[in-house]
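Let's take a walk through a protein model and see how its parts fit together. Keep the structure open while you read, and look up each residue as it comes along.

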Amino acid sequence: MTDMSWPRLGATRQRLRARAATTPGRLRLTMAAIVLVALLAGLVFGALTALRRSAADAVATRDEPVMVGAQRLYGELSDADATAATTYLRGGAEPAALRARYLAALKTASLQLAELGRRVEGSDEAAAVAAISADLPVYSGLLETARANNRQGFPVGAAYVRQASDLMRDRMLPASRRLYAAEAQRLSDHQRTGTDVESLIGVLIAFGCMLAVLVQAQVYLAQRTHRVFNIPLVAATAVLVALAAWTVIGMASARSALMRSQHDGSDSVQILSAARILALRAQADESLALVARGGAEQYLNDFVQVDGLLQPPSGLLGDRAELRGSSAALPALAATWRGIRDEHARVAQRQHQGDFGPAVALAVGPRSREAQLFDRLNRGFDEPIAAAQRRFDHAAYDARSALTGLAIGIPLLLVVCVALALTGLQSRLDEYR
């Protein structure tokens, strides 16, 4: 060995000793970084999945049932109003079937009010429920007075019918509509929260940060120890990748299910229920126009307005893309509505001519085709609405199920990941003692 080689050898030895002195500190710093990043990643994973689970739970267990309840309340009140006006037109002792339908609608509306009152207690919507509850006995009292006068042949009964209908249309139905609108907005907000992409991006960023720390630790060890793999660190990386995949797949599945619950379920329920309520409103318009006997323009104009909202292709009974799974029911419903329009034109013509007796017979008589068509249309909504509700329930259940287990799995697997990583680093650190 030459004299010149001794200084180079000494410098190499000094560099090795300096590296050995700094390695334990670097390892401890890496261990602290892994713990810190794992803690932050756990908070991000847990918070975002909890937010998704909370939104899915709210949609399935609170928002949609309350919205459907508010919608059903609106529908039952509209049905009661339409049936009451039709019953009054019959005169004398009303048909038992119409009387039973009216009483059933009032009973169902009362039950819905009680249920909604329990669910919205303490919220802004409670005032609307209280207002409807206070007006409902007044409404039924006015109609009972009209019924008593009608049975005796007193024409003053018509005034009570109109007063009751005004109460329904001016106060009760608007309050019910406000309740429904508030709940529909809350449902939409939670569906939007449960389907946003920001949560998925946040999970991927947290995963990337922790993966970067683990990879950097393995690269550092490979450079210092000249060992390609550190088995515990590799296992920690595999656990992290599995956790991230589980979380991302679960959140993506829940997002897809929530979107399906809206597109295939709640959208159809809302549109079909709105169409049904409008049809009942048109039926009440027809009857109230005949009750008014000459002062009917407001009701006839409202019938025209309802027709514009229902009539295909642009109306609610048109071929709407939102009605996924329910569009097959639309042609029959639209055909029935067109039949009602034709019969209404005949009734309105008799009214304008002053032939109220024949007009009443055409509208609500025992052989009235229009009455039969209204009844068919009302019953025709039952199955598509129920089917849409079942699709919603199934999709909402899938959304909640997709996130099941993450609340426990995230902290558990992160602890396993950190423990493996620290074990791998500690084994190298022990070599320097």
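## Contacts across the chain

Take the contacts in this protein between residues at least 6 apart in sequence: 82% of them join residues at least 24 apart. Keep in mind that you're looking at a predicted model.

The protein has 12 helices and zero strands. Reading along the sequence, you get α-α-α-α-α-α-α-α-α-α-α-α. And how many of the 433 residues count as buried? The share is 47%.

## Helix 3 next to helix 4

Time for some helix pairs. Two packed helices are described by the angle between their axes and by how far apart those axes are.

Start with helix 3 (residues 126-151) and helix 4 (residues 157-195), which pack at about 165 degrees with their axes 9 Å apart. An angle over 145 degrees counts as roughly antiparallel, and so helix 3 and helix 4 are roughly antiparallel to each other. Helix 3 passes helix 4 in a left-handed crossing. If you sort the residues of this contact by class, you find 17 nonpolar, six polar and two charged.

Now zoom in on Ala128, which lies in helix 3. Ala128 is buried, with a relative accessible area of 11%. Setting aside residues up to four places away in sequence, Ala128 touches Ala175 and Leu179. Tyr180 is 52 residues away from Ala128 along the chain, yet their C-alpha atoms are separated by 10.0 Å.

## Helix 8 and its partners

Helix 8 (residues 330-352) and helix 10 (residues 369-380) have axes that come within 9 Å and cross at roughly 155 degrees. That makes helix 8 roughly antiparallel to helix 10. Helix 8 passes helix 10 in a left-handed crossing. From helix 8, the contact is made by Leu333, Thr336, Trp337, Gly339, Ile340, Glu343, His344 and Val347. Helix 10 brings Arg369, Glu370, Leu373, Phe374, Arg376, Leu377 and Gly380. By class, that contact has seven nonpolar, four polar and four charged residues.

Helix 8 also meets helix 7 (residues 297-310): the axes come within 12 Å and cross at roughly 160 degrees. That makes helix 7 roughly antiparallel to helix 8. Here, too, you can spot a left-handed crossing, as helix 7 passes helix 8. Which residues meet in this pair? From helix 7 there are Glu297, Leu300, Phe303, Val306, Asp307 and Leu310, and from helix 8 there are Trp337, Ile340, Arg341, His344, Gln351 and His352. By class, the contact of helix 7 with helix 8 has six nonpolar, three polar and three charged residues.

## Following helix 11

Helix 11 (residues 382-402) has 21 residues. From its first C-alpha to its last, helix 11 reaches 31 Å, close to the 30 Å expected at 1.5 Å a residue. The buried residues of helix 11 are Pro384, Ile385, Ala387, Ala388, Gln389, Phe392, Ala395, Ala396, Ala399 and Ala402.

Two of those names turn up again elsewhere. Phe392 is one of the residues touched by Gln191, which has its place in helix 4. Leaving out residues up to four places away in sequence, the others that Gln191 touches are Val59, Leu258, Ser261, Gln262 and Ser266. Is Gln191 buried or exposed? Its relative accessible area is 3%, so Gln191 is buried.

Ala387 comes back when you look at Ser268, a residue of helix 6 (residues 231-292). Ser268 and Ala387 are 119 residues apart in sequence and 9.3 Å apart in space, C-alpha to C-alpha. Ser268 has 0% relative accessibility, so it counts as buried.

## A last stop in helix 1

Finally, find Ala80 in helix 1 (residues 5-90). Why does Ala80 count as buried? Buried means under 20% relative accessible area, and Ala80 counts as buried because its relative accessibility is 0%.

What does Ala80 contact, leaving aside its neighbours within four places in sequence? The answer is Tyr102, Ala105, Leu106 and Tyr139. Look for Lys107 as well: Ala80 and Lys107 are 27 residues apart in sequence, and their C-alpha atoms are 9.9 Å apart in space.

Methods. Residues are numbered from 1 along each chain as its sequence is written. This is a predicted model: local features need pLDDT of at least 70, side-chain atom pairs count only at pLDDT 80 or more; totals for chains, interfaces and linings use all residues. Side-chain values use heavy atoms; hydrogens and water are left out. Axes are lines fitted to C-alpha atoms, for helices over the stretch in contact, and angles run from 0 to 180 degrees between N-to-C directions. Helices (H or I, at least four residues) and strands (E, at least two) are DSSP runs, numbered from the N terminus. Angles under 35 degrees count as roughly parallel, over 145 as roughly antiparallel, 65 to 115 as roughly perpendicular and the rest as oblique. A crossing is left-handed if the near helix is turned anticlockwise from the far one by less than a right angle, and right-handed if clockwise. Contact means heavy atoms within 4.5 Å. Ala, Val, Leu, Ile, Met, Phe, Trp, Tyr, Cys and Pro count as nonpolar, Asp, Glu, Lys and Arg as charged, and the others, Gly among them, as polar. Buried means under 20% relative accessible area, exposed over 50%, partly exposed in between (1.4 Å probe, protein chains only). The expected span of a helix is 1.5 Å times one less than its number of residues.
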